[in-house]
Amino acid sequence: MQGCREELDAQAVGNALYGMQGMSRYVPAVRYMLSALASKVQGCREELDAQAVDNALYGMQGMSSDVPEVREILSVLTSKVQGCREELDAQAVGNALYGMQGMSRDVPEVREMLSALASKVQGCRKELDAQAVDN
């Protein structure tokens, strides 16, 4: 991945992380991929839309904030979520939070992401439905 000079667009960011759901954070190759993706995500000049945010964070399920590479990608994604001007609908918010289950609120990168998502929830014009709240 580091040899790839092409930038990732918003859809590729979302899809790449979405595809990592359920992978073990303890496998060295997964950790290496997360670190490489963090660099690529940081280099993405395109603003993430709601779907990309949804997919990226949903794909984080099974990851744990006790792993440095997970914290690294969370930090990079937080700035992208903050820069997202598109409204996140109830499903996107629910999926994003669902992907973060198992992460510790004691970790600064997790708190920063939760803060970024909270501002998106406040900006949501539609009420969160039962499914979104459940997630």
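In this predicted model, the axes of α3 and helix α4 (residues 68-83) come within 11 Å. They cross at roughly 160°. Angles over 145 degrees count as roughly antiparallel, and α3 and α4 are therefore roughly antiparallel to each other. The crossing of α3 past α4 is left-handed. On the α3 side, Val-53, Ala-56 and Leu-57 take part in the contact. Their partners in α4 are Leu-74, Leu-77 and Val-81. By class, the contact of α3 with α4 has 6 nonpolar residues, no polar and no charged.

Helix α4 also packs against helix α2. The axes of α2 (residues 28-42) and α4 come within 8 Å and cross at roughly 20°. Angles under 35 degrees count as roughly parallel. α2 and α4 are therefore roughly parallel to each other. This crossing, too, is described as left-handed. From α2, the contact draws on Arg-31, Leu-34, Ser-35, Leu-37, Ala-38, Val-41 and Gln-42. From α4, it draws on Pro-68, Glu-69, Val-70, Glu-72, Ile-73, Val-76, Leu-77 and Lys-80. The residues of the contact of α2 with α4 divide into 9 nonpolar, 2 polar and 4 charged. Leu-77 of α4 appears in the contact with α2 and also in the contact with α3.

One residue of the α2 side can be followed in detail. Ser-35 lies in helix α2. Its relative accessibility is 27%, so Ser-35 counts as partly exposed. Leaving aside residues up to four places away in sequence, Ser-35 touches Glu-69 and Glu-72. Both glutamates belong to the α4 side of the contact with α2. Ser-35 and Arg-71 are 36 residues apart along the chain, and their C-alpha atoms are separated by 9.6 Å.

Helix α3 has a further partner in helix α1. The axes of α1 (residues 10-18) and α3 (residues 50-58) come within 6 Å. They cross at roughly 20°, and α1 and α3 are therefore roughly parallel to each other. α1 passes α3 in a left-handed crossing. Ala-10, Val-13, Gly-14, Asn-15, Leu-17 and Tyr-18 contribute from α1. Ala-52, Asn-55, Ala-56 and Tyr-58 contribute from α3. The contact of α1 with α3 comprises 7 nonpolar and 3 polar residues, with no charged ones. Ala-56 of α3 meets α1, and Ala-56 is also part of the contact with α4.

The tyrosines at this contact lead to the aromatic pairs. The structure holds 2 such pairs. In one, the rings of Tyr-18 and Tyr-58 have their centres 5.8 Å apart and their planes at 20°, so the pair is stacked. This pair links distant parts of the chain, with Tyr-18 in helix α1 and Tyr-58 in helix α3, 40 residues apart. Tyr-18 has a relative accessible area of 37% and is partly exposed. The other pair joins Tyr-58 to Tyr-98. Ring centres lie 5.8 Å apart and planes stand at 20°, so the pair of Tyr-58 and Tyr-98 is stacked. Here too, distant parts of the chain are linked: Tyr-58 sits in helix α3 and Tyr-98 in helix α5 (residues 90-99), 40 residues apart. Tyr-98 counts as partly exposed, at 29% relative accessibility. Together, Tyr-18, Tyr-58 and Tyr-98 form one aromatic cluster. The cluster thus has members in α1 and α3, as well as in α5.

A loop residue was also examined. Asp-106 is found in the loop between α5 and α6 (108-122). Its relative accessibility is 60%, so Asp-106 counts as exposed. The C-alpha atoms of Asp-106 and Ser-65 are separated by 9.3 Å, with the two positions 41 residues apart along the chain counted as their separation.

At the level of the whole chain, the elements are helical. There are 7 helices and 0 strands. From the N terminus on, the order of elements is α-α-α-α-α-α-α. The chain has 135 residues, of which 42% count as buried. Among contacts with a separation of 6 or more, 84% come from residues 24 or more positions apart.

Key
Residues numbered from 1 in each chain as written. Predicted model: local features only at pLDDT ≥ 70, side-chain atom pairs only at ≥ 80, totals over all residues. Heavy atoms only, no water. Axes fitted to C-alpha atoms, helices over the stretch in contact; angles between N-to-C directions. Helix = DSSP H or I, 4+ residues; strand = E, 2+ residues; numbered from the N terminus. Parallel < 35°, antiparallel > 145°, perpendicular 65-115°, else oblique. Left-handed = near helix turned anticlockwise from the far one by under 90°. Contact = heavy atoms within 4.5 Å. Nonpolar A, V, L, I, M, F, W, Y, C, P; charged D, E, K, R; others polar. Phe/Tyr/Trp six-rings, centres within 6.5 Å; stacked < 30°, edge-to-face > 60°. Buried < 20%, exposed > 50% of the residue type's maximum accessible area, 1.4 Å probe, protein only.
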